[in-house]
Amino acid sequence: DNIDPKVLEEYRIKPGDILFSHINSIDQIGKTALYEGEPPLLIHGMNLLLLRPNRQVIFPHFLLYLLKYLRLRRYFERLAQRAVNQASINQTLLGNTRISLPPLEEQKAIARILSTIDKAIELTDKIIEKTERVKQALMNKLLTEGIGHAEFKDTEIGRIPKEWEVVRLEDIGEIYTGKTPPTKNATYWCPPTFQFITPGDISESSIFVRKTERMVSAVGAKYVGILPKNSVLVVCIGSSIGKVAVTTKEAVTNQQINAIIPDLAKVNPIFLWGILQKYKPRIRALAGEPAVPIISKSTFSRIKIPLPPLEEQKKIAQILLSVDRKLEIGRKEKEKLERIKRALMDILLSGNVRVRIA
């Protein structure tokens, strides 16, 4: 309210302006955003360069896509001057960047094409977000109230349906802590066969481990210990404590992960995933707040959870699976659209394919 009008005008962002992250960690350098007028008053902050396109020469949305393309090609990462935990690109370095510039009308046509793909990606994102909310609501209801219960009881872990039990994790399966295979065994003469799962391979939202960065040989896997399909993995060391997933094939894990090899006569793996996902805050609380959070195997084994009859577990699991499949379809559609966008950026912004203007 008390700012000098001249200062306000100097730092006020105008529609069509592009903000460029020029001082940040290396993975954030070159991020861009175009201001389209909302909110109506926006002030230019620190660590951002403001690019104000000359509209007689370049269309703002075309410049935005061009900058995103250069970042995708890691141009700004190579251009940046690095310091400890930080990198920067000064105005001179950025200003000297040479670009290919088609005629103005062709720029607008290219921007329209890429914008169409962006809108499809945004719509897919909204569908995924909505499905995530539905999934969370279903989990909150099914994993506390079950299906069709009228009577409930108070227990040491909270209110649960009368027919449910309270059990420890060690009561429903074998608990196994992973370890890292020696390098010499990991690439031994046997070809890589088994997934090697680390916390980074576990999603915060997907039920299953989809793919991993590394594979190990049969020799290395035997040294570590091979987990069967449908093992339930829980991260118990590090910043991502509580992440949980179910294996879709035989696999091995590192020492940050405890695996529950479930007794399938007692527990459904997908139901167990849901319970542990819901109990994530409790699991994290067990680690306290040391520099490196950790939950010992013995503490983990004694975690108590509610357990319905097996048939009810299976029904709950089927509902969770159906929502997870819908999410997977949405994620694959988004990945497909992003591949199309990258391919279009490659051919349109490099000039390899020209857009004809009628």
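An open sheet of three strands runs in the order E2-E6-E5 with antiparallel pairing, where strands are DSSP runs of E with at least two residues, helices are runs of H or I with at least four residues, both numbered from the N terminus, and two strands pair if DSSP finds at least two bridges between them. Its edge strands, each pairing on one side only, are E2 (23–24) and E5 (81–83). E5 pairs with strand E6 (residues 86–88) in the antiparallel sense over three bridges, and Arg-82 stands opposite Ala-87 in E6.

The model is predicted, with local features needing pLDDT of at least 70 and side-chain atom pairs counting only at pLDDT 80 or more, while totals for chains, interfaces and linings use all residues. Residues are numbered from 1 along each chain as its sequence is written, and side-chain values use heavy atoms, with hydrogens and water left out.

Helix H8 (residues 269–278) is mostly covered, since nine of its 10 residues are buried, buried meaning under 20% relative accessible area, exposed over 50% and partly exposed in between, with a 1.4 Å probe and protein chains only. Asn-268 caps the N-terminal end of H8, a side-chain oxygen lying 2.9 Å from the backbone nitrogen of Ile-270.

The largest nonpolar core (a set of buried Ala, Val, Leu, Ile, Met, Phe, Trp, Tyr and Cys residues joined through side-chain atoms within 4.5 Å) has 38 residues, of which Leu-169, Leu-272, Leu-276, Phe-300 and Ile-305 touch the most other members. H8 gives the largest share of this core, six residues. Apart from this core lies another, of 33 residues, among them Ile-18, Ile-58, Tyr-69 and Ile-89.

Aromatic rings of Phe, Tyr and Trp (its six-membered ring) pair if their centres lie within 6.5 Å, planes under 30 degrees apart counting as stacked, over 60 as edge-to-face and the rest as tilted. By this rule there are three aromatic pairs, including the two tabulated here.

| Pair | Centre distance | Plane angle | Class |
|---|---|---|---|
| Tyr-75 and Phe-76 | 5.4 Å | 70° | edge-to-face |
| Trp-164 and Phe-271 | 6.4 Å | 85° | edge-to-face |

The Trp-164 and Phe-271 pair links distant parts of the chain, 107 residues apart, with Trp-164 in the loop between strand E8 (158–161) and strand E9 (165–168) and Phe-271 in helix H8. Trp-164 is buried because its relative accessible area is 1%, and Phe-271 is buried with a value of 0%. Tyr-75, at 23% relative accessibility, counts as partly exposed, whereas Phe-76, at 1%, counts as buried.

Key
A polar contact is a pair of N or O atoms within 3.5 Å; within protein, one must be able to donate a hydrogen and the other to accept it, and residues adjacent in sequence count only if both atoms are side-chain atoms.
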